[in-house]
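Hello,

Here is the structure I promised to pass on to you. Have a look at it first, and then read on for what turned up.

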Amino acid sequence: QVQLVESGGGSVEAGGSLRLSCTTPGATFGSNCIGWFRQAAGKDRETVASTYTGGGVEKYATFAKGRFTISQDIAKNTVYLQMNNLKPEDTTVYYCAADTPKYWSDECRNKEPYEYTTWGQGTEVTVSS
C-alpha cells in the first residue's frame, strides 16, 4: 500500500508563506487523485485542494482560491501545497491523501475526504497574528 508523508509545516506570522510537501517513499503516485485537507479541533475534515497526478485537474476550496496553489513534481513523487498570505484561521493540521479514480480524472474535483483511502500523518501549521 502506498504510504504518504507530509512535511513543511511550521509557524509563521500572518501574511507569511509555507510550502507543504506530500511524498510517497519508495513508491510512485501512479494515476491518482491527491488531495490536501485540514482539520481543526472539533471540526470536520475539509478539503483544501485536489489534483490528478496525470495532470489537467485542480480544484480549490473557496478559502484557498488566490492564496494556495497545488502542484506536483512527478519525478520527485511529490505533490506540493504552496500557501501564501496565511491567516491565523489557517492554523491547524494539514493532511494529504490519495485515492484512485474509478473511471476518469475529473472525479478528483469532487471527491469527498471520506472517499480517500490512503492518508498521511499530517503536518501542523500555526499562523500567528
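A residue is called buried here when its relative accessible area is under 20%, and exposed when that area is over 50%, with partly exposed covering what lies in between. Please keep in mind that this is a predicted model.

By the cut-off for burial, Lys-111 is buried, because its relative accessibility is 9%. Its salt-bridge partner is Asp-99, and the closest N and O atoms of the two are 3.1 Å apart. The pair ties together parts that are 12 residues apart in sequence, since Asp-99 belongs to strand S9 (residues 92–99), while Lys-111 sits in the loop between S9 and strand S10 (118–119). Is Asp-99 buried or exposed? Asp-99 counts as buried, with 9% relative accessibility.

**The other salt bridges**

How many salt bridges does the count come to? The answer is 5. As general background, side chains of opposite charge can pair when their charged atoms come close.

One of the salt bridges links Asp-106 and Arg-109, where the closest N and O atoms are 2.4 Å apart. Asp-106 is partly exposed at 38% relative accessibility, and Arg-109 is partly exposed too, with a relative accessible area of 30%.

There is also a network: salt bridges that share partners join Arg-38, Glu-46, Arg-67 and Asp-90. Within this group, Glu-46 forms a salt bridge with Arg-38, and their closest N and O atoms are 2.7 Å apart. Arg-38 is buried, at a relative accessible area of 8%, whereas Glu-46 is partly exposed, at 33%.

**The chain as a whole**

You will find 11 strands and 0 helices in the protein chain. Read from the N terminus, the order of elements is therefore β-β-β-β-β-β-β-β-β-β-β.

Which radius of gyration would a compact globule with 129 residues have? The expected value is near 14 Å, and the protein chain has 14 Å, so the two agree. Along the principal axes, the C-alpha atoms fill a box of roughly 45 × 30 × 25 Å.

Of the 129 residues, 43% count as buried. The accessible surface of the protein chain comes to about 6,700 Å², and carbon and sulfur atoms account for 46% of that surface. Looking at contacts between residues at least 6 apart in sequence, 59% join residues at least 24 apart.

On the charges, the protein chain has 12 positive and 14 negative ones. The mean positions of these two sets are 3 Å apart.

**A closer look at Thr-28**

Where does Thr-28 lie? Its place is in the loop between strand S3 (18–23) and strand S4 (33–39). Thr-28 counts as exposed, because its relative accessibility is 53% and the cut-off for exposed is over 50%. Leaving aside neighbours within four places in sequence, Thr-28 is in contact with Val-2 and Asn-77. Thr-28 and Thr-53 are 25 residues apart along the chain, and their C-alpha atoms are separated by 10 Å.

If you open the model with one pair in mind, you could start with Asp-99 and Lys-111, which form a salt bridge and count as buried at 9% relative accessibility each. From there you could go on to the network of Arg-38, Glu-46, Arg-67 and Asp-90.

Best wishes

How values were computed
Residues numbered from 1 in each chain as written. Predicted model: local features only at pLDDT ≥ 70, side-chain atom pairs only at ≥ 80, totals over all residues. Heavy atoms only, no water. Salt bridge = Lys/Arg side-chain N within 4 Å of Asp/Glu carboxyl O. Buried < 20%, exposed > 50% of the residue type's maximum accessible area, 1.4 Å probe, protein only. Helix = DSSP H or I, 4+ residues; strand = E, 2+ residues; numbered from the N terminus. Rg over C-alpha atoms; globule rule 2.2 N^0.38 Å. Contact = heavy atoms within 4.5 Å. Areas by Shrake-Rupley, 256 points an atom, 1.4 Å probe, with all protein chains shown as cover. Lys, Arg positive; Asp, Glu negative; His and termini not counted. Charge placed at Lys NZ, Arg CZ, Asp CG, Glu CD.
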